[in-house]
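New to this one? Have a look at the chain below, and then we'll walk through it together.

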Amino acid sequence: MAGERRPDHEKADAELYNEALRVLRHARNQIERLPSTTRGKGEEDIRDVLLVALGAAFAGRCTAESLNGAGKTALLLRIDDRNVLVGECKIWKGASKFHEAIDQLFGYLTRYDRFAVLPLFIHAAQPKPIVEKAVQLLAKHPRCVSAAVPDTDGRQYSFVLRSPSSTPWDVEVALIPFVISWAVPLGNRVVARPTRSEQRAASRRVGWTAPRPNRADEPA
């Protein structure tokens with residue numbers, strides 16, 4: 001039928017999507033091993049690290065802030081004129097903001113987009129409760145059709161969500177949490193848990209806007 005995705009394309013795209021998720025997981029692991037890579041950086045700067053990783057793995061075919069659907073998605077991997085991954089990166093700022101991010105992601109999807117990812121950047125000394133909360137929010141989302149068994153070793157959580165369209169389609173959505181270092185450079189030292197005055201000083205030096213600890217550390 002005209003306008004429908006071909007089964008052979010669907011299989012090929014699913015394989016490319018899973019490979020892209022593998023690249024993102026490895027990039028996440030390396031970022032966490034080398035916290036200076038993202039220390040003191042904002043959402044777009046961390047996204048650019050992922051853009052480099054995906055671009056290297058897929059011969060430069062991943063772009064950022066690309067027009068798709070109703071806006072500009074953070075990450076877009078397009079191969080052979082088909083989108084095999086649409087991604088929206090977010091810093092955890094509480095449950096309501098994360099719920100908004102899910103809706104925002106769907107605004108960037110067209111009916112030909114079946115594979116998506118939510119890289120979630122977490123600034124917290126104890127990230128586990130936040131990850132559990134994010135997984136719970138996706139599993140209980142009104143559009144959630146199914147949730148796969150969590151890959152706790154790989155720290156990837158997969159779901160199928162149904163689009164809000166009058167002729168809906170299902171989208172695979174992967175949640176990949178990233179634990180981002182709180183530490184920021186301040187003069188000749190690195191501060192692991194900066195005070196508000198130290199955060200302001202770092203902001204003036206490197207143009208960094210600090211997340212709010214009292215919100216980022218709370219899962220709800």
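Here's a quick tour, from the whole chain down to single side chains. Keep in mind that this is a predicted model. The chain folds into 6 helices and 10 strands, and 45% of its 220 residues count as buried.

**The chain as a whole**

- If you look at contacts with a separation of 6 or more, 59% of them come from residues 24 or more positions apart.
- The accessible surface adds up to about 11,100 Å², and carbon and sulfur atoms account for 51% of that.

**Aromatic rings**

- There are 3 aromatic pairs to find in the structure.
- One of them brings together Tyr-17 and Phe-115, with 4.8 Å from centre to centre and 35° between the planes.
- That angle makes the pair tilted, because the tilted class covers whatever is neither under 30 degrees (stacked) nor over 60 (edge-to-face).
- This pair ties distant parts of the chain together: Tyr-17 sits in helix H1 (residues 7–33), while Phe-115 belongs to strand S5 (residues 115–122), and the two are 98 residues apart.
- Tyr-17 is buried, with a relative accessible area of 2%, and Phe-115 is buried too, with a value of 3%.
- Trp-92 and Phe-98 make another tilted pair, with their centres 5.7 Å apart and 45° between the planes.
- Both Trp-92 and Phe-98 are buried as well.

**A charge over a ring**

- What lies over the face of Phe-106? Look for Arg-143, which is 5.3 Å from the ring centre.

**Around Asn-83**

- You'll find Asn-83 in strand S3 (residues 82–87).
- Is Asn-83 buried or exposed? Its relative accessibility is 9%, so it counts as buried, the cut-off being under 20%.
- Which side chains does Asn-83 reach with polar contacts? One is Asn-68, where the side chains are joined by a polar contact of 3.0 Å.
- Another is Arg-78, whose side chain is joined to that of Asn-83 by a polar contact of 2.7 Å.
- Set aside the neighbours within four places in sequence, and Asn-83 is in contact with Asn-68, Leu-76, Leu-77, Arg-78 and Asp-113.
- Asn-68 and Arg-78 therefore turn up twice for Asn-83: in that contact list, and as polar partners, with N or O atoms within 3.5 Å.

Key. Residues numbered from 1 in each chain as written. Predicted model: local features only at pLDDT ≥ 70, side-chain atom pairs only at ≥ 80, totals over all residues. Heavy atoms only, no water. Helix = DSSP H or I, 4+ residues; strand = E, 2+ residues; numbered from the N terminus. Buried < 20%, exposed > 50% of the residue type's maximum accessible area, 1.4 Å probe, protein only. Contact = heavy atoms within 4.5 Å. Areas by Shrake-Rupley, 256 points an atom, 1.4 Å probe, with all protein chains shown as cover. Phe/Tyr/Trp six-rings, centres within 6.5 Å; stacked < 30°, edge-to-face > 60°. Lys NZ or Arg CZ within 6 Å of the ring centre and 35° of its normal. Polar contact = N/O pair within 3.5 Å; in protein donor to acceptor, adjacent residues only side chain to side chain.
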